[in-house]
Amino acid sequence: MTTTNPVDVVLAEPRGFCAGVDRAIEIVERAIRRFGAPIYVRHEIVHNTYVVADLKAKGAVFIEDLADVPPGATLVFSAHGVSRAVRDDAEARGFSIFDATCPLVTKVHVEVAKLAKQGYEFIMIGHKGHPEVEGTMGQLDAGIHLVEDVEDVEHVQLSGDKLAVVTQTTLSVDDAAEILAAVKRRFPHVKEPKQQDICYATQNRQDAVKVLAPQVDVLIVVGSLTSSNSNRLRELAQRLGTPAHMIDSADDLRPEWLEGRARVGLTAGASAPELLVQQVIERLRSFGAVAVRKMSGVEETIRFPLPLGLGDKSMEGVA
Ligand code: SF4
């Protein structure tokens with residue numbers, strides 16, 4: 001089926017894989033190559049249907065419950081990180097463990113543990129039930145309060161004077177700023193992180209959508225429904241008045257979304273592979289797209305080292 005109008009496609013820059021996702025996938029692939037299948041992975045390594053299916057085909061087994069991992073197996077923690085209880089349980093069961101937690105999530109864990117020792121309790125801004133939030137809150141047994149919106153801030157009951165705030169790394173930058181402002185109004189003494197916890201990749205992809213959305217008639221976001229940062233990109237475009245749709249693959253693209261739209265923006269969440277973006281471009285061409293161009297945007301050069309035992313020596317110590 002073709003649309004009735006010629007369509008120009010504008011690609012967001014940057015889009016797609018971030019350094020944490022790249023590293024997490026590489027850890028699973030290297031573990032399979034080095035130790036052989038199966039390699040067990042706690043939770044989806046990153047929230048992307050294609051990536052998970054691809055790794056399953058290569059020999060990864062995704063589990064939620066450590067009781068499903070046989071003794072002596074190799075286990076990888078997903079990029080979202082795990083609670084102390086999960087880590088302790090995995091160690092007690094004697095698995096050979098590789099930690100694919102994104103170093104930017106680990107940074108938040110380290111900050112929480114350090115400040116807790118100094119007597120702080122915490123407000124965590126994040127989405128209930130997201131594995132990253134469970135992992136970060138699970139660094140402590142108590143004293144960490146989850147707030148999902150401004151209203152939640154009003155219900156926080158502190159037990160001491162020292163309060164710090166941390167956030168999930170993949171939030172809406174604007175929502176997080178609004179909630180943080182509410183936290184600071186209610187608790188003016190709150191300690192903020194030296195560097196914001198929302199990661200560079202989330203910030204850059206949202207910044208790109210802020211520039212791109214007003215220039216296009218519709219925005220397509222490649223990303224799985226479970227992907228927090230992809231959902232935030234779709235919501236952001238919609239708030240800016242641009243219709244936006246999230247798709248897991250090119251097959252999900254609906255021609256009626258393009259009817260009467262001359263310019264289509266295309267971006268991808270941090271866990272969505274570029275291969276899927278290219279397949280979407282091909283499908284857009286089959287619908288009548290005549291030109292594809294990239295917007296100008298920041299270039300990302302960040303890479304994270306692999307864990308010892310899997311790493312490329314040239315990358316050891318690179319942060
Ligand atoms: Fe790390 Fe950010 Fe990527 Fe999550 S989105 S894996 S925090 S770089």
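Helices (H or I, at least four residues) and strands (E, at least two) are DSSP runs, numbered from the N terminus. The model is predicted, so local features need pLDDT of at least 70, side-chain atom pairs count only at pLDDT 80 or more, and totals for chains, interfaces and linings use all residues. Residues are numbered from 1 along each chain as its sequence is written, and side-chain values use heavy atoms, with hydrogens and water left out.

Two cis peptide bonds flank helix 1. P38 lies in the loop between helix 1 and strand 2. The peptide bond from A37 to P38 is cis, with omega near -5°. P14 sits in the loop between strand 1 and helix 1 (19–35). The bond that leads from E13 to P14 is also cis, with omega near -5°. A further backbone feature concerns H43. This residue is placed in the loop between strand 2 and helix 2. Its phi is near 75°, a positive value in a residue other than glycine.

Strands of a sheet pair through backbone hydrogen bonds, either parallel or antiparallel. Here, two strands count as paired if DSSP finds at least two bridges between them. Strand 2 (residues 39–42) and strand 3 (residues 60–63) run parallel and are joined by four bridges. Y40 stands opposite V61 of strand 3. Between these strands the chain passes through helix 2 (residues 49–58), in a right-handed β-α-β crossover. A crossover is right-handed if, with the strands pointing away from the viewer, the path from the first strand over the helix to the second runs clockwise.

Strand 4 (residues 74–77) and strand 5 (residues 96–99) also pair in the parallel sense, over four bridges. T74 has S96 of strand 5 as its bridge partner. The chain takes the path from strand 4 to strand 5 through helix 3 (residues 84–92), and this β-α-β crossover is right-handed.

An open sheet of three strands follows the order 7-6-8, with parallel pairing. Strand 7 (144–147) and strand 8 (163–167) stand at the edges with a single partner strand each, so one side of each is left without a neighbour in the sheet. Neighbouring strands of this sheet are turned by 25° against each other on average, direction ignored. Axes are lines fitted to C-alpha atoms, for helices over the stretch in contact, and angles run from 0 to 180 degrees between N-to-C directions. Strand 6 (residues 121–125) runs parallel to strand 7, and four bridges join the two. F122 stands opposite I144 in strand 7. Helix 4 (residues 103–117) packs on the sheet, in contact (heavy atoms within 4.5 Å) with strand 6 and strand 8. The direction of helix 4 makes about 170° with that of strand 8. Helix 7 (residues 173–186) packs on the sheet too, touching strand 6, strand 7 and strand 8. Its direction makes about 150° with that of strand 6.

An open sheet of five strands has the order 10-9-11-1-12, again with parallel pairing. Its edges are strand 10 (244–247) and strand 12 (289–294); each has a single partner strand, so one side of each lacks a neighbour in the sheet. The twist averages 25° from one strand to the next. Four bridges link strand 9 (residues 218–222) with strand 10, and the two run parallel. I220 stands opposite H245 in strand 10. Helix 8 lies across strand 1 (7–11), strand 9 and strand 11 (263–268), at about 175° to strand 11. Helix 10 (residues 274–286) packs on the sheet, touching strand 1, strand 9, strand 10, strand 11 and strand 12. The direction of helix 10 makes about 165° with that of strand 11.

Helices also pack on one another. Helix 1 and helix 2 pack at an angle of about 10°, with their axes 10 Å apart. That makes helix 1 roughly parallel to helix 2. Angles under 35 degrees count as roughly parallel, over 145 as roughly antiparallel, 65 to 115 as roughly perpendicular and the rest as oblique. I25, V28, E29 and I32 of helix 1 meet V51, D54, L55 and K58 of helix 2 in the contact.

Helix 8 (residues 200–212) and helix 9 (residues 228–239) pack at about 25°, and their axes are 10 Å apart. Helix 8 is therefore roughly parallel to helix 9. The contact involves T202, R205, Q206, V209 and K210 of helix 8 and N229, R232, L233, L236 and A237 of helix 9.
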